[in-house]
Amino acid sequence: MITPPDISWIAILPLLILTGTALVTLFADLWMEGPDREALGWIGLVGLLATAVAAMALWNTKLSAFSNGIAVDRYGLFFTLLFCVASGLTLLMSMGYLEFTDIRTGDYYSLILFSTVGMVLMATATDLIIIFLGLEVMSLAVYVLSGIWREQQRSNEAALKYFLLGAFATGFLLFGIALLYGATGSTTLGPIAAQVAKVGGQEKTLVLAGMALLLVGFGFKVAAAPFHVWTPDVYEGAPTSVTAFMAVAVKAAAFAAFARVFMHTLTVLSADWSSVLWILAALTMTVGNVTAILQRNIKRMLAYSSIAHAGYLLVGMVAGGEFGGSAVLFYLIAYMLMTLGAFAVVIALGWRGAPNENLDDYAGVGFSHPFLGVAMTIFMLSLAGIPPLVGFIGKFYIFSAAIRSGYVGLTVIGVLNSVISVYYYVGVLVRMYMTEGVLEIPVLSSRPYLVATLLLTITGTILLGLFPSPLFELARQSFLALG
């Protein structure tokens with residue numbers, strides 16, 4: 001007789017709620033038509049809220065499930081809450097957007113939720129196989145979401161490119177896991193951490209090769225140079241709400257697993273990987289910012305901006321330690337708010353058959369649509385790192401951590417890159433306020449969900465810039481839970 005393994009149902013409660021909500025959304029779509037499908041978005045939002053409440057209820061506990069393959073600690077719960085907020089804001093901004101793009105609604109909502117399930121798995125996993133499973137659950141849903149605007153050729157092209165290159169990168173990740181297993185005899189992060197401190201000779205070579213391959217796999221997912229080439233085409237071709245979701249939530253999930261493996265499990269080898277990450281961080285920041293200057297499409301510009309911000313996050317990983325890890329977690333929250341807000345403005349300026357994604361389309365928007373002008377100004381200045389907005393505080397923490405750890409040269413490169421980025425972020429504001437335009441867009445009052453998204457992201461961008469300490473302390477406690 002086979003004895004079933006003990007399962008801690010409390011430990012996986014957030015995952016159960018999320019998965020249940022995704023399934024309910026999927027099946028409810030069969031009985032809903034037309035405007036009723038908007039209720040699917042509300043079902044998703046209620047499910048995400050319930051997941052966030054369950055995660056907060058588990059905050060002071062430390063549990064595990066599936067033979068220690070999943071750890072419910074503050075680190076995993078921090079990211080669970082981040083994914084709930086990012087997915088919730090994406091659903092909110094999508095509820096009006098789907099109507100004028102004629103994207104099939106039911107599939108869309110359930111795919112966002114299934115993708116979030118994969119993200120939570122990645123953040124809470126303490127086994128490389130479960131990280132891989134979470135990555136695949138997340139990625140498969142996002143591949144489909146990229147091409148869900150079936151009538152648009154560029155959307156289909158984006159999905160195909162993302163799928164092919166993503167599958168290629170997944171192969172690197174899986175090969176890296178295999179080499180680490182061969183060297184340490186385990187796929188669980190705890191035993192791997194204990195073994196890598198002892199191995200030598202050929203086994204050490206295997207560990208370093210496995211680590212390098214993992215770095216390639218994670219580098220692709222976070223869009224770090226030189227593994228970033230897919231990003232501009234996929235971000236431009238995917239529906240704008242999906243692009244926002246990918247730029248924020250997918251990147252955060254990849255960094256959650258990346259930091260857990262490298263900053264905790266492989267920290268004993270930090271002398272080997274920190275110099276490689278140093279080069280990747282400098283290259284990613286520079287390629288992202290310099291190439292963004294040349295873009296004339298706002299989605300491509302934000303794609304290169306997202307590459308540059310991945311570089312800033314890598315600086316925090318290179319700095320390492322308690323302050324570097326806390327800075328990475330804080331920066332992911334800051335980046336989520338300002339980037340989702342910027343993409344919400346891009347959605348607001350588009351209309352049926354007229355996406356208005358060229359920078360010239362933003363001419364005069366500051367005066368013709370003052371609310372959108374002010375919103376875009378706040379998000380662009382925050383992304384550029386102008387005080388007192390949250391983007392400035394995030395960069396301050398990242399660069400402070402790098403200086404504390406002695407990486408002055410990398411900090412100088414980061415600050416210079418921030419100065420370069422001001423050119424293209426402020427360029428959007430120059431077009432909005434210093435050039436004339438005749439862009440016609442629908443009245444915002446007809447899209448209340450989009451207005452709610454903008455108000456929430458604006459409030460977060462300003463308040464967390466003025467009062468960052470409570471969130472930074474939360475990030476610090478979460479990162480320390482890894483120890």
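In this predicted model, helix α13 packs against helix α16 through a long list of side-by-side residues: F323, G324, A327, V328, F330, Y331, A334 and M338 on the α13 side meet V390, G391, I393, G394, K395, Y397, I398, S400, A401 and R404 on the α16 side. Sorted by class, that contact has twelve nonpolar, four polar and two charged residues. The stretches involved are residues 321–349 for α13 and residues 390–404 for α16, and their axes come within 9 Å and cross at roughly 160 degrees. An angle over 145 degrees counts as roughly antiparallel, and α13 and α16 are therefore roughly antiparallel to each other. As for handedness, α13 passes α16 in a left-handed crossing.

Just ahead of α16 there is a backbone detail to look at. The peptide bond joining P387 to P388 is cis, with omega near 5 degrees. P388 sits in the loop that runs between α15 (370–384) and α16.

A second helix pair is formed by α8 (residues 201–221) and α10 (residues 240–265), whose axes come within 9 Å and cross at roughly 160 degrees. With that angle, α8 and α10 are therefore roughly antiparallel to each other. Their crossing is left-handed. On α8, the residues taking part are M211, L214, L215, F218 and K221, and they meet A254, A257, F258, V261 and F262 of α10. The class count for this contact comes to nine nonpolar, no polar and one charged residues.

The chain after α8 has a cis peptide bond too. This one goes from A225 to P226, with omega near 10 degrees. P226 belongs to the loop between α8 and α9 (231–237).

Towards the N terminus, α1 pairs up with helix α4 (residues 105–124). The axes of these two come within 8 Å and cross at roughly 165 degrees, which makes α1 roughly antiparallel to α4. The crossing of α1 and α4 is, again, left-handed. From α1, the residues L15, L18, T19, T21, A22, L23, T25 and L26 meet G106, Y109, S110, L113, F114, T116, V117, V120 and L121 from α4. By class, the contact splits into eleven nonpolar, six polar and no charged residues.

Following α1 (13–28) comes the loop to α2 (38–57), and M32 is part of this loop. Setting aside neighbours within four places in sequence, M32 touches R37, A39 and L40. Between M32 and G47, 15 residues apart in sequence, the C-alpha to C-alpha distance is 18 Å.

Another loop, the one between β1 (63–65) and β2 (70–72), holds F66. The backbone at F66 has a positive phi of about 55 degrees, although F66 is not a glycine.

Helix α5 offers a simple check on helix geometry. It covers residues 128–146, and at 1.5 Å a residue its 19 residues should span 27 Å; the C-alpha atoms at its two ends are 26 Å apart, which agrees with that expectation. At the start of α5, D127 places a side-chain oxygen within 2.8 Å of the backbone nitrogen of I129.

Key:
Residues are numbered from 1 along each chain as its sequence is written. This is a predicted model: local features need pLDDT of at least 70, side-chain atom pairs count only at pLDDT 80 or more; totals for chains, interfaces and linings use all residues. Side-chain values use heavy atoms; hydrogens and water are left out. Axes are lines fitted to C-alpha atoms, for helices over the stretch in contact, and angles run from 0 to 180 degrees between N-to-C directions. Helices (H or I, at least four residues) and strands (E, at least two) are DSSP runs, numbered from the N terminus. Angles under 35 degrees count as roughly parallel, over 145 as roughly antiparallel, 65 to 115 as roughly perpendicular and the rest as oblique. A crossing is left-handed if the near helix is turned anticlockwise from the far one by less than a right angle, and right-handed if clockwise. Contact means heavy atoms within 4.5 Å. Ala, Val, Leu, Ile, Met, Phe, Trp, Tyr, Cys and Pro count as nonpolar, Asp, Glu, Lys and Arg as charged, and the others, Gly among them, as polar. The expected span of a helix is 1.5 Å times one less than its number of residues. A polar contact is a pair of N or O atoms within 3.5 Å; within protein, one must be able to donate a hydrogen and the other to accept it, and residues adjacent in sequence count only if both atoms are side-chain atoms.
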